[in-house]
Amino acid sequence: MRRARIAVSALLAALALSGCATAAPTIAPSGVDELTIPTPSPRPSDFVSAIDNRWLPLAAGNKWNYDITLGTARGERTVTVLEDSVTIAGLGATVVVTEVTGDVEVAPTRDYYAQDRAGNVWWLGREGVWRAGVDGAEAGLAMPAVPRIGDGWRAGFAPGVVEDRLSVSVVDDHLLTLHAASNLTPGVLVSQEYVRDIGLVRTEALGGPLASSQITAGP
């Protein structure tokens with residue numbers, strides 16, 4: 001079990017759901033190893049059964065507990081990687097369940113991920129919200145194998161549902177910081193901090209209309 005302290009803002013529950021779009025323009029080949037992002041038709045032969053990315057290690061049975069503070073509300077967020085996989089867009093997808101208890105009102109989620117042979121982790125959808133290969137939705141990049149400062153990409157795409165973008169702002173041997181933007185909350189930039197071999201350890205809003213909701217949990 002992994003335990004971490006996390007800084008959160010009011011848009012924690014909304015980050016993966018974003019505004020409307022009718023097409024999925026891909027990001028031109030760049031520092032992200034010339035990947036097509038989002039990808040409309042992932043090939044099963046390009047993927048492996050386990051997710052061992054050093055920044056997003058989603059091994060079956062892994063669990064993370066985060067303390068959450070939102071204003072006067074307190075809670076705990078538990079993220080669990082299930083043992084059983086499901087098939088999404090022809091791929092064997094790892095299932096990650098997020099649950100929140102306490103005073104913080106955040107609905108539970110069930111997300112799907114898969115890793116390609118190069119070590120890149122792809123986000124394949126969220127149960128009840130969107131799924132790659134259904135209604136024009138396409139798999140986005142959750143975490144590159146080798147993040148580099150300045151790289152940017154789409155985390156997922158579903159017409160009218162999700163169109164999130166991520167970019168690398170800091171990376172060294174131990175720490176990675178991604179900036180996330182969602183059309184659902186225009187003008188709000190979210191910082192996500194990852195520690196190598198642990199995963200996500202901190203989330204906070206950096207600016208925009210929800211900046212005043214930003215808080216930092218104690219050590």
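1. Strands here are DSSP runs of type E with at least two residues, numbered from the N terminus. With that in hand, a good place to start is Thr80, which sits in strand 4, residues 73-81. Please keep in mind throughout that this is a predicted model.

2. Is Thr80 buried or exposed? Thr80 has a relative accessible area of 18%, and the cut-off for buried is under 20%, so Thr80 counts as buried. Leaving out residues up to four places away in sequence, Thr80 touches Asn62, Lys63, Val95, Val96 and Val97.

3. Here is the overall picture. The protein has 15 strands and zero helices. Of its 219 residues, 50% count as buried. Looking at contacts between residues at least 6 apart in sequence, 49% join residues at least 24 apart. The accessible surface comes to about 10,000 Å², and 52% of that surface belongs to carbon and sulfur atoms.

4. Val95, one of the residues that Thr80 touches, is found in strand 6. Its relative accessible area is 2%, so Val95 is buried. Setting aside neighbours within four places in sequence, Val95 is in contact with Thr80, Val81, Leu82, Asp84, Ser85, Val86, Arg110, Asp111 and Tyr112. For Ser85 there is also a backbone distance to look at: the C-alpha atoms of Val95 and Ser85 are 6.0 Å apart in space, with their positions 10 residues apart in sequence.

5. Now to the nonpolar interior. In soluble globular proteins, nonpolar side chains tend to be buried together. The largest nonpolar core in this model has 45 residues. Which residues have the most contacts inside it? They are Leu58, Tyr113, Trp122, Leu124, Met143, Leu178 and Tyr194. Strand 6, residues 91-102, supplies the largest share of this core, with five residues. Another core lies apart from it and has five residues, among them Ile68, Val100, Val104 and Val106.

6. Val104, from that five-residue core, also appears in a C-alpha pair with Thr69. These two residues are 35 apart along the chain, and their C-alpha atoms are separated by 7.8 Å. Thr69 itself lies in strand 3, residues 63-70. With a relative accessible area of 14%, Thr69 is buried.

7. Next, the aromatic rings. How many aromatic pairs does a search of the whole structure find? The search finds one. The partners are Trp123 and Trp130, in an edge-to-face arrangement with 4.9 Å from centre to centre and 90° between the planes. Both Trp123 and Trp130 are buried. A ring also features in a charge contact: Arg77 lies over the face of Tyr66, at 5.5 Å from the ring centre.

8. On to charge pairs. Side chains of opposite charge can pair when their charged atoms come close. The structure holds eight salt bridges. One of them joins Asp111 and Arg126, with the closest N and O atoms 2.7 Å apart. Asp111 belongs to strand 7 (residues 109-116) and Arg126 to strand 8 (residues 121-126), so this bridge ties together parts that are 15 residues apart in sequence. Asp111 and Arg126 are both buried. Asp111 has appeared already, among the contacts of Val95.

9. Another salt bridge pairs the side chains of Arg148 and Asp151, at 3.6 Å from N to O. What is the burial state of each partner? Arg148 has a relative accessible area of 31% and is partly exposed, whereas Asp151, at 6%, counts as buried.

10. The last item is a linked set of charges. The side chains of Arg202 and Glu204 meet in a salt bridge at 3.2 Å, N to O. Salt bridges that share partners join Glu193, Arg202 and Glu204 into one network. Within it, Arg202 is partly exposed, with a relative accessible area of 21%. Buried means under 20%, with partly exposed as the next class up to 50%, so the 21% of Arg202 puts that residue in the partly exposed class. Glu204, at 12% relative accessibility, counts as buried.

Definitions and conventions
Residues are numbered from 1 along each chain as its sequence is written. This is a predicted model: local features need pLDDT of at least 70, side-chain atom pairs count only at pLDDT 80 or more; totals for chains, interfaces and linings use all residues. Side-chain values use heavy atoms; hydrogens and water are left out. Helices (H or I, at least four residues) and strands (E, at least two) are DSSP runs, numbered from the N terminus. Buried means under 20% relative accessible area, exposed over 50%, partly exposed in between (1.4 Å probe, protein chains only). Contact means heavy atoms within 4.5 Å. Rings of Phe, Tyr and Trp (its six-membered ring) pair if their centres lie within 6.5 Å; planes under 30 degrees apart count as stacked, over 60 as edge-to-face and the rest as tilted. A charge sits over a ring if NZ of Lys or CZ of Arg is within 6 Å of the ring centre and within 35 degrees of the ring normal. A salt bridge is a side-chain nitrogen of Lys or Arg within 4 Å of a carboxyl oxygen of Asp or Glu. A nonpolar core is a set of buried Ala, Val, Leu, Ile, Met, Phe, Trp, Tyr and Cys residues joined through side-chain atoms within 4.5 Å. Accessible areas come from the Shrake-Rupley method with a 1.4 Å probe; for residues, only the protein chains shown count as cover.
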